[in-house]
Amino acid sequence: MKKLLTIILTIALMVTAVCGLTACNKPEANKPTIVSGITLIEEQYGIAAKKGNDALISKVNDALIAIADGQMKTIAGTYGLTSEIAVTSSTVNPKANATDASWDNIVTKGKVVIGYTIFAPIAYEVVDEVPTKGYDIELAKAVFAQLDPNIEVEFLKIEWSAKETMLTAGSIDLVWNGLTITPSRSEEMCISIPYLNNKQVALVMSKNAEKFNSIDAMKDAIAGAEDGSAGEEQIALKQIGKEYIKCPSQLDAYNKLKTGTLDVIVIDSVMANYYISLED
């Protein structure tokens with residue numbers, strides 16, 4: 001009987017040891033990761049209005065400058081973006097002499113309509129179709145509180161690829177949603193002073209980090225980005241991917257990467273760092 005108990009105890013100890021070894025050697029979780037060593041582009045965000053609406057953008061510029069060293073830093077600190085702020089109290093407003101009627105029209109209407117997409121930490125946690133959190137959401141409210149607290153701030157979810165059309169049609173007054181300032185956009189829209197720094201980064205799943213560790217290696221990948229985004233421009237410019245899939249949003253691209261539909265995506269570093277932090 002003692003011999004039998006000894007055998008059982010020995011087996012139990014062996015099983016425990018094997019289980020412990022297996023746990024110690026558990027493979028790392030496969031999650032999205034930014035490809036290091038690749039420089040795509042450094043950029044800055046701006047707020048856009050319809051071409052010619054300089055007075056509206058001038059007022060936005062004035063308010064951004066006025067709250068830059070105070071409330072803006074407080075809001076940025078909430079989202080870990082303090083080091084990315086691109087405006088200070090000494091920034092010059094290049095549209096200070098604008099005299100068109102665009103600002104007066106907003107005051108008369110008593111409301112400004114801002115186009116946005118779901119893009120944490122810029123705009124997210126939507127309740128009854130209204131974003132309740134996000135750096136740009138809080139900043140927009142602070143700017144218009146500074147300009148005229150009687151102006152209602154309304155947020156309207158848009159398709160990012162339709163932003164220029166909606167501005168031109170007057171469906172929205174501003175695009176305030178991590179809009180990258182580019183020469184082509186500056187030709188098509190009236191854009192504010194830069195208010196936040198950003199980069200376009202390439203993401204892959206960690207299990208593919210070695211496989212897609214360079215632009216050349218990514219040429220064999222299935223790539224994706226938000227339709228009409230700066231990321232899409234970089235994919236075309238750098239010729240990333242043997243196949244390209246348009247995505248309705250950056251979050252959709254991120255989710256498609258996680259499910260394996262895409263091998264490589266190019267999105268904003270502000271968003272990438274936020275969502276990757278949630279994977280831990």
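Let's start with aromatic pairs: a search of the whole structure turns up six of them. To pair, rings of Phe, Tyr and Trp (its six-membered ring) need centres within 6.5 Å; planes under 30 degrees apart count as stacked, over 60 as edge-to-face and the rest as tilted. Before I go on, this is a predicted model, where local features need pLDDT of at least 70 and side-chain atom pairs count only at pLDDT 80 or more, while totals for chains, interfaces and linings use all residues. Residues are numbered from 1 along each chain as its sequence is written, and side-chain values use heavy atoms, with hydrogens and water left out.

Take Trp-103 and Phe-144. Their ring centres are 6.4 Å apart and their planes sit at 25°, so this pair is stacked. Trp-103 belongs to helix H4 (residues 102–109) and Phe-144 to helix H5 (residues 135–147), so the pair ties together parts 41 residues apart in sequence. Helices here (H or I, at least four residues) and strands (E, at least two) are DSSP runs, numbered from the N terminus. Are these two residues buried or exposed? Trp-103 is buried, at 10% relative accessible area, and Phe-144 is buried too, at 1%. By buried I mean under 20% relative accessible area, by exposed over 50%, and by partly exposed in between (1.4 Å probe, protein chains only).

Now Tyr-274 and Tyr-275: with ring centres 5.4 Å apart and planes at 85°, the pair is edge-to-face. Tyr-274 counts as partly exposed at 22%, whereas Tyr-275, at 13%, counts as buried. Both belong to one aromatic cluster with Tyr-124 and Tyr-254.

Back to H4, and to its partner H2. How do the axes of these helices cross? They come within 5 Å at a crossing angle of roughly 80°; the axes are lines fitted to C-alpha atoms, for helices over the stretch in contact, with angles running from 0 to 180 degrees between N-to-C directions. H2 and H4 are therefore roughly perpendicular, the label for 65 to 115 degrees, with under 35 roughly parallel, over 145 roughly antiparallel and the rest oblique. On the H2 side, Asp-54, Ala-55, Leu-56 and Lys-59 meet Ser-102, Trp-103 and Ile-106 of H4, contact meaning heavy atoms within 4.5 Å. So Trp-103 appears in this contact as well as in the stacked pair.

H2 (residues 54–67) also supplies the largest share of the largest nonpolar core, eight residues. That core has 59 residues, and Leu-64, Tyr-135, Leu-174, Trp-176 and Tyr-195 touch the most other members. A nonpolar core is a set of buried Ala, Val, Leu, Ile, Met, Phe, Trp, Tyr and Cys residues joined through side-chain atoms within 4.5 Å. There is a second, separate core of 14 residues, with Ala-202, Phe-212, Ile-235 and Ile-240 among them.

Ala-202 brings us to Thr-33 in strand E1 (residues 32–34). Beyond its neighbours within four places in sequence, Thr-33 is in contact with residues including Ala-202, Val-204 and Ile-276. Thr-33 is partly exposed, at 26%.

Finally, some backbone details for you to check on screen. A cis peptide bond joins Ala-120 and Pro-121, with omega about 5°. Which residues other than glycine have a positive phi? Asp-128 has one of about 55°, and Glu-129 has one near 70°. Asp-128 is in the loop between E4 and strand E5 (130–133), and Glu-129 is placed in the loop between E4 and E5. Asp-128 is exposed at 72%, and Glu-129 is exposed at 67%.
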